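User: I'd like to practise reading a structure feature by feature. Could you walk me through this one?

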Amino acid sequence: MTETTIRPDIVAAAAAMNDRLPFSDSTDESNVRRGFLGALHPGQVRAADGRIVWDPDAWAPVLAAERPELVNPSLWRQARLVARHGLFEVTEGVYQVRGMDLSNMTLIEGRDGVVVVDPLISTETAAAGLRLYREYRGERPVTAVIYTHSHADHFGGVRGVVDTEVPVLAPEGFLEHAVAENVYAGTAMARRAAYMYGAALPPGAAGQMGAGLGMTTSTGTVTLIPPTLDVTRTGQEETLDGVRFVFQVTPGTEAPAEMNFFLPDRAALCMAENATHTLHNLLTLRGAEVRDPHAWAHYLTEAIEMFAHEAEVEFASHHWPTWSGPAIVALLSEQRDLYAYQHDQTLRLLNQGYTGAEIAEMLQLPPGLEQAWHARGYYGSVSHNVKAVYQRYMGWFDGNPAHLWPHPPEQAGRRYVEAIGGAEAVLRAARRAYDEGDFRWVAELTGHLVFADPGHTEARALQADAFEQLGFGAENGTWRNFYLTGAMELRGGTAGTPTTTSSPDLIAQLSLAQLFDSVAIRVHGPRAAALRLGLDWVVTDDRGEQTHWSRLSNGAFVHGDGSCREPADARVQIRRQALLQLLSGQSTLEALKKSGDLSIDGTPEVLTRLLTVLDDPDPGFAIVTP
């Protein structure tokens, strides 16, 4: 397989898409260019050690040429739009830095300085964006920060724009969700995010061509400054640096804690990540809680009723703005219908007995949405969104007893291979399917063989070839990245976790309860099954002292604030920073005792025994192989 090989089936499907979709509509191209002031030249952003953390120029040569056959035409169009980077004027006093990370950073000029909204993922990209803004608008100080929601691409770069104390606003629940998402399942999410964003793939026609929401994620330093003011209710009004903001809280939409806002004096509406120029995820492929499309649609209706008819421009935390009242109402109404339709039609069909996988093959958007570019599945997809709705209501089980207790992949793989007639028979069937263009079946057949025999080079190569064809044909950027990253790893490369969002700032914001929750997740249950350990904790930091208790029995680590009725084996006094170092393996018990940051009354071996049953997460676990 070479990087320029593509099957005729994929070429034909692309040609059909060219005929079916309104490629002659240049509205988005005009809106992307509108208000452009300038860009970084060169566009590369580097960390202090010289490492490149963002390079928008990497896609420039291929995007400036004719579309290569290896890229779906609709995804190609989206990539050309989201790759455009620089500083843009949205309306008087409102500017955006776009294309300098996965997300946008918005800058709203006030009386004395500028309010920064959603300062990107990395301090390096946020700082570069602020420098670009100041190059055109002068050395205005940052007077406040707003986080629209609890995902890292909307707060991670904050210390790149703020080095003094300023008001920091966020929706209620922001801190809890921002921290928890990156701790409890953070390792697994980061590993899968490497697939989702294709961060280890080379940019180009045969590699990474965007993620629909933006090109990819930056890989710099993630930080977090805790909010100083929570937005708790819709209609809450705050004045920051002389600018009036009216907020709409939208919990359970694109993020568990999210909010939109309206600038009444500038007729500008920010829709956060609740209305972008793509169909969004109801269950992101990196993993997360299933989002609520019913609530999402409700809050879009509320935004239309509250703000849209007064707005002259709508902008968001990704993509480009929409100007004029009728266009704004149309965008928000169609986005609303998009999520409502997927929710309602999935429920209609599941109540007729269809499963998530069946509904995903049945459900098609109505023509009015199918022809709307902003409703195309570049980031989310109807296929995996439908399965998410099914999961939200019905769980993982489809009701068929044959699927209640299936064999896990390795055992199933061996049985399938044997039943089909051995490895050669599987390969013959898979090669025949490949020649017929049934790449989904090739992927499934060879998947069984790879899990039965991970060292089978022909099976790995053929599955990688099938993944490539599926990737080259994908309109969805994250599907393309998943397929091509899987192909890369089957051929011997390792993506690892270049998109990890773990950082000292995030860890520092863990409550003590969350910190001990992270311990419970790491307990190796079988090894700890016979242990009974009781520890009381006194944890100190500059803010004072907290008491906590923990007990381990039957492989379960439980804990709570204050004291426990059951007596402890030992009492641990420890500095919070020392506790973090101990749990992360950055320091040892002996070193912390010697430094005076740790002391134990009672049976000191108890803490040692606890530490010996903690597992370390694996940031490079296998995905396409056992």
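User: Let's begin on the outside. Which residues make the nonpolar surface patch of about 510 Å²?

Analyst: One thing first: this is a predicted model. The patch is made by Trp 396, Leu 404 and Trp 405. To read a patch like this, check where its members sit and how much of each is accessible. Trp 396 is found in the loop between H12 and helix H13 (409–420), and with a relative accessible area of 66% Trp 396 is exposed.

User: And the inside? How many residues does the largest nonpolar core have?

Analyst: That core has 91 residues. A handy way in is to look for the residues with the most contacts inside it, and here those are Tyr 147, Trp 537, Ile 574, Leu 579, Leu 607 and Leu 610. There is also a second, separate core of 37 residues, and Met 271, Val 329, Leu 347 and Ala 388 are included in it.

User: Trp 537 is on that list. What joins the side chains of Trp 537 and Ser 550?

Analyst: A polar contact of 2.8 Å. Ser 550 lies in strand E18 (residues 544–553). Because its relative accessibility is 2%, Ser 550 counts as buried. Leaving out residues up to four places away in sequence, Ser 550 touches Leu 533, Gly 534, Leu 535, Trp 537, Phe 557, Val 558 and His 559.

User: Now a helix. Which residues of H8 are buried?

Analyst: Start with the general idea: an α-helix has 3.6 residues a turn, so residues three or four places apart point the same way. In H8, the buried residues are Pro 293, Ala 295, Trp 296, Ala 297, Tyr 299, Leu 300, Ala 303, Ile 304, Phe 307 and Ala 308. Try tracing steps of three or four through that list on your display.

User: What do the buried residues of H8 pack against?

Analyst: Their partners are strand E12 (243–249), strand E13 (259–263), E14, helix H9 (325–350) and H12. Have a look at the start of H8 too: there, a side-chain oxygen of Asp 292 comes to within 3.0 Å of the backbone nitrogen of His 294.

User: With which residue does Asp 292 form a salt bridge?

Analyst: With Arg 392, and the closest N and O atoms are 3.3 Å apart. For any salt bridge, ask where the two ends sit in the chain. This pair links distant parts, 100 residues apart: Asp 292 is in the loop between strand E14 (268–270) and helix H8 (293–308), while Arg 392 is in helix H12 (residues 382–394).

User: Are the two ends buried or exposed?

Analyst: Take each end separately. Asp 292 is buried, at a relative accessible area of 17%, whereas Arg 392 counts as partly exposed, at 38% relative accessibility.

User: How many salt bridges does the structure hold?

Analyst: The count is 24. Let's read a couple more the same way. Glu 237 and Arg 244 form one, with 3.3 Å between the closest N and O atoms. Here Glu 237 is partly exposed at 40%, and Arg 244 is partly exposed at 31%. In another, the side chains of Arg 51 and Asp 49 meet at 3.9 Å, N to O. Asp 49 counts as exposed at 60%, and Arg 51 is partly exposed at 37%.

User: Which residues are linked in a network of salt bridges?

Analyst: Glu 29, Arg 33 and Arg 84 are linked that way. When you meet a network, pick out the residues by charge: here there is a Glu, Glu 29, along with Arg 33 and Arg 84.

Conventions. Residues are numbered from 1 along each chain as its sequence is written. This is a predicted model: local features need pLDDT of at least 70, side-chain atom pairs count only at pLDDT 80 or more; totals for chains, interfaces and linings use all residues. Side-chain values use heavy atoms; hydrogens and water are left out. A salt bridge is a side-chain nitrogen of Lys or Arg within 4 Å of a carboxyl oxygen of Asp or Glu. Buried means under 20% relative accessible area, exposed over 50%, partly exposed in between (1.4 Å probe, protein chains only). Helices (H or I, at least four residues) and strands (E, at least two) are DSSP runs, numbered from the N terminus. Contact means heavy atoms within 4.5 Å. A polar contact is a pair of N or O atoms within 3.5 Å; within protein, one must be able to donate a hydrogen and the other to accept it, and residues adjacent in sequence count only if both atoms are side-chain atoms. A nonpolar core is a set of buried Ala, Val, Leu, Ile, Met, Phe, Trp, Tyr and Cys residues joined through side-chain atoms within 4.5 Å. Patches are made of residues with over 30% relative accessible area and no salt bridge: like charges are joined within 9 Å, nonpolar side chains (Val, Leu, Ile, Met, Phe, Trp, Tyr) within 5 Å. Accessible areas come from the Shrake-Rupley method with a 1.4 Å probe; for residues, only the protein chains shown count as cover.
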